[in-house]
Structures are given as structure tokens and as C-alpha cells.
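Trainee: I'd like a close look at one single part of this structure. Pick a spot, start there, and take me through whatever it leads to.

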Amino acid sequence: MIYEKVHSKAALAASALGAISLLLATGCSTKNYVRSQTTPIIQHTNELDDATATNNRNIHDVDQRAQAGIQQAQNSANTASQQAQTATQSANQAQQSAQEAVNQADSLASVVANLDNYKQVADASVTFGFDKAVLTRADKAKLDDFAAQLNGSKGYILEVTGGTDSVGSAAYNYDLSQRRARAVVQYLASKYNVPPHRFYLIGIGKDQAVAPNNTAAGRAQNRRVEVQLLSNTTGQEPTAPAQTSMLSKPLPQ
């Protein structure tokens with residue numbers, strides 16, 4: 001009787017241990033199964049996150065390049081617009097300078113009422129280096145010879161015409177031709193005390209070439225200033241002074 005009770009208790013304990021072992025084994029198996037099923041999902045999720053991050057970076061880079069391209073295109077458009085405006089302004093200045101030269105050429109009769117009484121009695125021509133408006137020693141010697149005839153003239157005017165070769169824009173050459181003419185005027189006025197009202201200046205730029213511009217020798221001849229001594233045959237002074245506004249402008253050094 002006692003043996004049966006002991007045996008029954010032992011069997012019950014063994015059964016309990018077996019059940020616990022079975023539960024533990026089942027629990028471990030369940031965890032392993034869950035792990036085996038969830039690990040690929042987690043890895044795939046991480047891969048998706050990495051891919052999303054990469055795509056975001058790529059989109060950001062593309063956007064930056066697009067913005068840079070748009071800005072560069074805008075800058076190029078602005079530059080082209082500015083260049084077009086500059087070209088238009090230069091063209092307008094050239095046209096205005098040309099008109100001023102024509103007006104001056106046509107206005108000699110208006111500033112000298114009795115121009116028909118004037119005859120050319122002497123002339124001189126000096127040439128300049130490329131893009132220069134400075135008299136050389138040889139140029140001054142020519143002007144000295146020319147000025148020697150001023151003392152015997154009465155009621156005279158000096159027509160001073162500056163020219164250039166064909167290199168450069170029209171607007172620049174009009175200005176250069178006037179600077180060359182002013183160099184001659186200032187030399188004669190300062191050294192020989194020629195009154196400013198005796199001078200009549202005109203800058204014709206490259207409009208009236210005296211030699212072909214397709215040779216170096218021809219271009220050198222066109223870079224000139226021509227001075228004409230016009231004397232009144234009646235001995236009277238001009239009834240109106242010649243234009244002298246350019247005399248107040250300093251020459252570039």
C-alpha cells in the first residue's frame with residue numbers, strides 16, 4: 001500500500017517534469033520559429049529604409065543640380081541682355097557722334113557769315129601713332145612751319161580736322177579724332193598765342209579716309225589731323241566766332 005502511494009507520486013512527478021520539459025521545448029521552438037520568420041522581414045525593412053534614404057539623397061542632389069542649372073541659365077540670360085543693351089547704347093552713341101560731326105561740318109557757314117570771302121592760304125598735316133593723340137617732335141616742327149604764316153594773315157580762321165584709321169568702333173574713333181584735333185589746337189594756342197575763337201574743330205573719325213585702310217601705310221596716313229589756314233580776302237574779322245567748346249577739355253596723358 002505504501003509502495004503504491006510512493007509509486008503514484010513518483011509517476012505524477014515524472015509526468016509533471018515531462019510536461020514542463022515539453023512546455024520549455026515548445027517555447028524554445030516557438031521563439032526560434034518567430035525569430036526565423038521575423039529576421040528576414042526586419043532585414044528587408046532595413047533595406048527599404050536604406051533605399052529610401054538613398055533615393056532622398058539622389059532627389060536632393062538632382063534638385064540642387066537643377067537649381068544650379070536654372071541659376072546659370074538666368075545669369076547667362078542676364079549677361080546677354082546686358083551685352084545687348086551695351087551694344088544698343090554704343091550704336092546710339094556712334095549715331096549721335098556721327099550726327100554731331102555732320103552738324104559741325106555743316107555749321108561752318110553759319111558760324112562764319114562771310115565764309116565766301118575766305119580763301120585757303122596754307123595747310124599742314126600731322127599723323128599720329130595707333131590709338132595715340134600725342135604730337136611727336138616731327139609733328140611740332142610741321143606745325144611750327146605752318147604757324148610762321150599766321151602773322152601775315154588778317155581775319156583768319158583755322159579749320160582743324162581730325163581723322164582715324166578704320167580700326168575700332170565708330171564712336172571711339174570720333175572721340176579719338178577730336179582728341180587729336182585738340183592736341184594740335186592746344187599746341188598752336190599755347191605756343192603762338194592763337195586766340196581760341198580762331199579755331200574751328202571737327203572730328204570725322206574714320207568716315208573720310210585719305211588712303212586705303214587695307215594697308216599699314218594707308219592706315220598711318222588716315223591717322224592724321226589736317227589744318228587749313230583760311231584768310232579773309234577783305235581783311236575783315238569773322239562776324240561770328242568759330243566753335244571753341246572743345247578747347248576746355250583736357251587731353252589724356
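**Into the sheet from H197**

Mentor: Let's start at H197, which counts as partly exposed at 35% relative accessibility; the cut-offs are under 20% relative accessible area for buried, over 50% for exposed and partly exposed in between, with a 1.4 Å probe and protein chains only. Bear in mind that this is a predicted model, where local features need pLDDT of at least 70 and side-chain atom pairs count only at pLDDT 80 or more, while totals for chains, interfaces and linings use all residues. Numbering starts from 1 along each chain as its sequence is written, and side-chain values use heavy atoms, with hydrogens and water left out.

H197 lies in the loop between α3 and β3. Helices (H or I, at least four residues) and strands (E, at least two) are DSSP runs here, numbered from the N terminus. The C-alpha atom of H197 is 8.0 Å from that of I157, a residue 40 places away along the chain. I157 takes us to strand β2, the part I'd like to dwell on.

β2 covers residues 156-162. Seven of its seven residues are buried, so β2 is largely enclosed by the rest of the structure. Which residues of β2 point which way? Y156, L158, V160 and G162 go one way, and I157, E159 and T161 go the other. That fits the usual picture: in a regular strand the side chains alternate between the two faces of the sheet.

Now the neighbours. Strands pair if DSSP finds at least two bridges between them. β2 runs antiparallel to β4, and seven bridges join the two; E159 stands opposite Q228 in β4. With β3 the direction is parallel, over five bridges, and the bridge partner of G162 there is G203. Zooming out, these strands belong to an open sheet of four with the order β1-β4-β2-β3 and mixed pairing. β1 (118-127) and β3 (199-203) stand at the edges with a single partner strand each, so one side of each is left without a neighbour in the sheet. On average, neighbouring strands are turned by 15 degrees against each other, direction ignored. The angles come from lines fitted to C-alpha atoms, for helices over the stretch in contact, and run from 0 to 180 degrees between N-to-C directions.

At the β1 edge, the partner is β4 (residues 224-232), antiparallel over nine bridges; V126, for instance, has V225 as its bridge partner. Just past that strand, T233 sits in the segment after β4. T233 is exposed, with a relative accessible area of 56%, and its C-alpha is 6.9 Å from that of K119, 114 residues away in sequence.

What packs on the sheet? Helix α2 (residues 137-147) lies across β1, β2 and β4, at about 165 degrees to β1. Helix α3 (residues 170-192) lies across β1, β2, β3 and β4, at about 155 degrees to β3. In α3 you'll also find N173, which counts as buried at 1% relative accessibility.

Back in β2, look at L158. Leaving aside neighbours within four places in sequence, L158 is in contact (heavy atoms within 4.5 Å) with residues including F146, L188, F199 and L229. In the largest nonpolar core, which has 24 residues, L158 and V184 touch the most other members; such a core is a set of buried Ala, Val, Leu, Ile, Met, Phe, Trp, Tyr and Cys residues joined through side-chain atoms within 4.5 Å. The elements giving two or more residues to this core are β1, α2, β2, α3, β3 and β4, and α3 gives the most, with six.

R198 is also on the contact list of L158, and R198 lies over the face of Y156, 4.5 Å from the ring centre. To count, NZ of Lys or CZ of Arg must be within 6 Å of the ring centre and within 35 degrees of the ring normal.

For the wider frame, the chain has four helices and four strands, in the pattern α-β-α-β-α-β-α-β along the sequence. Buried residues make up 28% of the 253. Among contacts between residues at least 6 apart in sequence, 82% join residues at least 24 apart.
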